[in-house]
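The following exercises concern the arrangement of helices in a protein model. Please examine the sequence and the structure before reading each solution.

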Amino acid sequence: MAKPPFTYSVKLKMKLLEKGYKSLKEWCEDRGFSYRLAQKVVTGRIPARDGVASEIKYALTKEFGEEVLK
């Protein structure tokens with residue numbers, strides 16, 4: 001069974017646009033994060049408890065707020 005396509009919240013998209021980013025991919029490239037890992041963190045497909053995933057989650061919540069990951 002195939003996974004559904006990646007989508008993220010409208011709140012996150014709006015916050016990215018406010019900060020001058022066109023997409024999550026552009027934000028990841030600017031920060032040096034893996035876009036594929038960031039997708040999984042944003043959608044909740046992996047728990048971001050440690051390692052790079054937790055760094056991505058921390059950076060997202062610090063810059064855009066906790067509500068973008070819900």
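## Exercise 1: Two crossing helices

Helices α2 and α4 are roughly perpendicular to each other. The model is a predicted one. Determine at what angle the axes of α2 and α4 cross, and which residues meet where they do.

**Solution.**

Step 1. The axes of α2 and α4 come within 12 Å and cross at roughly 110°. Angles of 65 to 115 degrees count as roughly perpendicular, and α2 and α4 are therefore described in that way.

Step 2. On the α2 side, the residues in the contact are L24, W27 and R31. On the α4 side, they are I56, A59, L60, E63 and F64.

Step 3. Sorted by class, the contact of α2 with α4 comprises 6 nonpolar residues, 2 charged residues and no polar ones.

## Exercise 2: The buried sides of α2 and α3

Identify which residues of α2 are buried and which residues of α3 are buried. Explain why the residues of each set lie on the same side of their helix.

**Solution.**

Step 1. Helix α2 spans residues 24–31, and its buried residues are L24, W27 and C28. Because these residues cover an arc of only 100° around the axis, they lie on the same side of α2.

Step 2. A general rule helps here. An α-helix has 3.6 residues a turn, so residues three or four places apart point the same way.

Step 3. The buried residues of α2 pack against three helices: α1 (10–18), α3 (35–43) and α4 (51–64). Just after α2 comes G32, which takes a positive phi of about 85°.

Step 4. In α3, the buried residues are A38, Q39, V41 and V42. The arc that they cover around the axis is only 165°, and they are therefore on the same side of α3.

Step 5. The packing partners of the buried α3 residues are α1, α2 and α4. The residue following α3 is G44, with a positive phi near 80°.

## Exercise 3: Three buried residues and their contacts

Establish whether L60, F64 and V42 are buried or exposed, and list what each one touches outside its own stretch of sequence.

**Solution.**

Step 1. A residue counts as buried under 20% relative accessible area. L60, found in helix α4, has 0% relative accessibility and is therefore buried. F64, also placed in α4, is buried with a relative accessible area of 3%. V42, placed in α3, is buried at 9%.

Step 2. Neighbours within four places in sequence are set aside for L60, which is then in contact with L12, L24, W27, V42, G65, V68 and L69.

Step 3. With residues up to four places away not counted, F64 touches L12, K15, L16, K19 and W27.

Step 4. Leaving aside neighbours within four places, V42 is in contact with Y8, L12, L24, L60 and L69.

## Exercise 4: The nonpolar core

State how many residues the largest nonpolar core has, and which helix gives the most to this core.

**Solution.**

Step 1. The largest nonpolar core has 18 residues. The residues with the most contacts inside this core are L12, L16, L24, W27, L60 and F64.

Step 2. Each of α1, α2, α3 and α4 supplies at least two residues of the core. Helix α4 gives the most, with 5 residues.

Step 3. A general tendency provides the context: in soluble globular proteins, nonpolar side chains tend to be buried together.

Terms used. Residues numbered from 1 in each chain as written. Predicted model: local features only at pLDDT ≥ 70, side-chain atom pairs only at ≥ 80, totals over all residues. Heavy atoms only, no water. Buried < 20%, exposed > 50% of the residue type's maximum accessible area, 1.4 Å probe, protein only. Helix = DSSP H or I, 4+ residues; strand = E, 2+ residues; numbered from the N terminus. Arc of directions from axis to C-beta. Contact = heavy atoms within 4.5 Å. Axes fitted to C-alpha atoms, helices over the stretch in contact; angles between N-to-C directions. Parallel < 35°, antiparallel > 145°, perpendicular 65-115°, else oblique. Nonpolar A, V, L, I, M, F, W, Y, C, P; charged D, E, K, R; others polar. Core = buried A, V, L, I, M, F, W, Y, C linked by side-chain atoms within 4.5 Å.
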